[in-house]
Amino acid sequence: MNAPLSLDADQARTRLDDLTVVDVRTPREYASGHVPGALNVPLDQLGRAVPGLREAAARGELLVVCQSGGRSAAACARLASHGIAATDLDGGTKGWVARGHGLDRPAGAPAKPVWAMDRQVRLVAGSLVLLGLALGLLVHPAFQLLSAGIAGGLVFSALTDTCGMALMLGKLPYNRGGRAAGASLDETLARLRQGKSEGEGEAAQGV
């Protein structure tokens, strides 16, 4: 499979008024800070957004962004399977900030930023491996299968460039809570169908 087209943060910054930016992180990650003008469509909800994204792609270029690039690349591949062209933001939100570009936060967003999804996955995976080893030593050797299962899952994740644990963690209320500070998915899909207004484009370019 061909790698998706990509833009670096500086290239994307100069073209924000021409792009429809789609952030595929969880609502809470999005609420903690996102590329100006980005619309939040979590990766696990991408299927619902396909019709709206197809309409948006017909009007202009889609730029897909996540935290560091893994989820956005997966989203671009899924969109390509539906015949929708999309460009990946190289380095994601992390790369955007590293280049000194500012982030937007919805009014009323939680003051405490949520951990990035890859950090949450490392914490949960590492904890389960340690738990399996501890229970295997203290209770019964069969518990070590838990550690082996997590290790196998991580290998599978690397080989397929997917992460089932991230999708499960993304459904937790802690990661969904950001919706209270931003648009609902239905509102986001409506905005995708309507397109970016002239005022939104000017605001994004002026950040």
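This is a short tour of a predicted model, stop by stop, with something to select at each one.

**Stop 1: the main core**

Start by selecting Leu 53 and Leu 192. Within the largest nonpolar core, which has 21 residues, these are the ones with the most contacts. Now colour the elements around them: helix H3 (46–59), strand E4 (62–65), helix H4 (70–81) and helix H10 (185–194) each give at least two residues to this core. Which of them supplies the largest share? That would be H3, with five residues.

Stay on Leu 192 and show what it touches. If you skip the neighbours within four places in sequence, Leu 192 is in contact with Thr 20, Val 22, Leu 39, Val 41, Gly 52, Leu 53, Ala 56 and Arg 59. Leu 53, the other residue you selected at the start, is on that list.

There is another core to look at, apart from the one you have just seen. This one has 13 residues, and you can pick it out by selecting Leu 16, Leu 63, Val 65 and Leu 89, which are among them.

**Stop 2: two cysteines**

Next, select Cys 66 and Cys 76 and show their sulfur atoms. How far is the sulfur of Cys 66 from the closest cysteine sulfur? The distance is 9.2 Å, to Cys 76, and that is too far for a bond. Try it from the other end: for the sulfur of Cys 76, the closest cysteine sulfur is the one in Cys 66. A disulfide is a covalent bond between the sulfur atoms of two cysteines. For that, the sulfurs would have to be within 2.5 Å of each other, so the 9.2 Å between Cys 66 and Cys 76 rules this pair out. Searching the whole structure turns up zero disulfides.

While you are here, switch on a surface. Cys 66 is buried, at a relative accessible area of 1%, and Cys 76 is buried too, at 4%.

**Stop 3: salt bridges**

Side chains of opposite charge can pair when their charged atoms come close. In this model you can look for five salt bridges; here are three to visit.

- Select Asp 23 and Arg 25. Their closest N and O atoms are 2.8 Å apart, and both Asp 23 and Arg 25 are buried.
- Go on to Glu 29 and Arg 71, whose side chains meet at 2.8 Å, N to O. This pair links distant parts of the chain, with Glu 29 in helix H2 (residues 27–31) and Arg 71 in helix H4, 42 residues apart. Buried or exposed? Glu 29 counts as buried at 1% relative accessibility, and Arg 71 counts as buried at 16%.
- Finish with Asp 186 and Arg 48, where the closest N and O atoms are 2.6 Å apart. Asp 186 sits in helix H10 and Arg 48 in helix H3, so this salt bridge ties together parts that are 138 residues apart in sequence. Here the surface view looks different from the buried Glu 29: Asp 186 is partly exposed at 49%, and Arg 48 is partly exposed at 45%.

**Stop 4: a patch on the outside**

For the last stop, keep the surface on and select Leu 137, Leu 138, Val 139 and Phe 143. They form a nonpolar patch on the surface, and together they have about 480 Å² of accessible area. Where is Phe 143? Look in the loop between helix H6 (117–138) and helix H7 (144–160). Phe 143 is partly exposed, with a relative accessible area of 36%.

Terms used. Residues are numbered from 1 along each chain as its sequence is written. This is a predicted model: local features need pLDDT of at least 70, side-chain atom pairs count only at pLDDT 80 or more; totals for chains, interfaces and linings use all residues. Side-chain values use heavy atoms; hydrogens and water are left out. Patches are made of residues with over 30% relative accessible area and no salt bridge: like charges are joined within 9 Å, nonpolar side chains (Val, Leu, Ile, Met, Phe, Trp, Tyr) within 5 Å. Accessible areas come from the Shrake-Rupley method with a 1.4 Å probe; for residues, only the protein chains shown count as cover. A salt bridge is a side-chain nitrogen of Lys or Arg within 4 Å of a carboxyl oxygen of Asp or Glu. Helices (H or I, at least four residues) and strands (E, at least two) are DSSP runs, numbered from the N terminus. Buried means under 20% relative accessible area, exposed over 50%, partly exposed in between (1.4 Å probe, protein chains only). A nonpolar core is a set of buried Ala, Val, Leu, Ile, Met, Phe, Trp, Tyr and Cys residues joined through side-chain atoms within 4.5 Å. Contact means heavy atoms within 4.5 Å.
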